[in-house]
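Colleague: I have just opened this one. Could you walk me through it?

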Amino acid sequence: MSADQPAGSKLVSVDFEIFGYVQGLYYTEREGLRLGLVGWVKNTYGGTVVGQVQGPADMVEEMKVWLSKEGSPSSRITRASFTNQRTIDKLELSGFKTRF
């Protein structure tokens with residue numbers, strides 16, 4: 001643990017892909033920021049949404065639930081895939097951005 005990181009709040013990174021009728025990247029960005037996470041999100045040509053989130057493990061878990069169950073108001077999520085989850089020593093990204 002680093003000096004600026006409270007005990008018990010390990011940092012994690014996870015990649016995600018969301019399937020279904022997925023719209024409104026702005027909402028994903030907003031939810032990530034609300035939870036104090038960093039990351040990115042973008043639409044794919046295949047109609048899914050992909051991205052990465054990083055931050056305290058408990059907040060990342062909360063974001064995973066939001067991504068898989070709630071999403072934006074107009075989304076109809078059929079499946080969420082989370083891969084490459086790993087512990088990180090420090091955040092590798094800054095802010096939460098939509099990529100194009």
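**Strands, helices and a cavity**

Modeller: Gladly, and keep in mind that this is a predicted model. Let us begin with one pair of residues: Asp15 has Gln52 in S3 as its bridge partner.

Colleague: In which sense do S1 and strand S3 pair?

Modeller: Strand S3 covers residues 49–56. Eight bridges join S1 and S3, and the sense of the pairing is antiparallel.

Colleague: Which strands stand at the edges of the sheet?

Modeller: Five strands form an open sheet with mixed pairing, in the order S4-S1-S3-S2-S5. Each edge strand has a single partner strand, so one of its sides is left without a neighbour in the sheet. The strands at the edges are S4 (76–88) and S5 (96–98).

Colleague: And what angle does H2 make with S4?

Modeller: Helix H2 packs on the sheet, where it touches S1, S3, S4 and S5. Its direction and that of S4 make an angle of about 160°.

Colleague: How much space lies in the largest cavity?

Modeller: With a cut-off of 30 Å³ or more, the structure holds one cavity. The space in this largest cavity is about 100 Å³.

Colleague: Of the residues lining the largest cavity, how many are charged?

Modeller: There are 14 lining residues, and the closest to the centre are Val22, Gln23, Thr28, Val49 and Ser75. Strand S1 (11–21), helix H1 (25–34) and helix H2 (57–70) each supply at least two residues of the lining. Eight of the lining residues are nonpolar and six are polar, and the number that are charged is no residue at all: zero.

Notes
Residues numbered from 1 in each chain as written. Predicted model: local features only at pLDDT ≥ 70, side-chain atom pairs only at ≥ 80, totals over all residues. Heavy atoms only, no water. 1 Å grid on protein atoms, 1.4 Å probe; cavity = no way out; pocket = protein on both sides within 12 Å on 5 of 7 lines; lining within 4 Å. Points joined across faces, edges and corners; volume = space filled by probe spheres on them. Helix = DSSP H or I, 4+ residues; strand = E, 2+ residues; numbered from the N terminus. Nonpolar A, V, L, I, M, F, W, Y, C, P; charged D, E, K, R; others polar. Pairing = 2+ DSSP bridges. Contact = heavy atoms within 4.5 Å. Axes fitted to C-alpha atoms, helices over the stretch in contact; angles between N-to-C directions.
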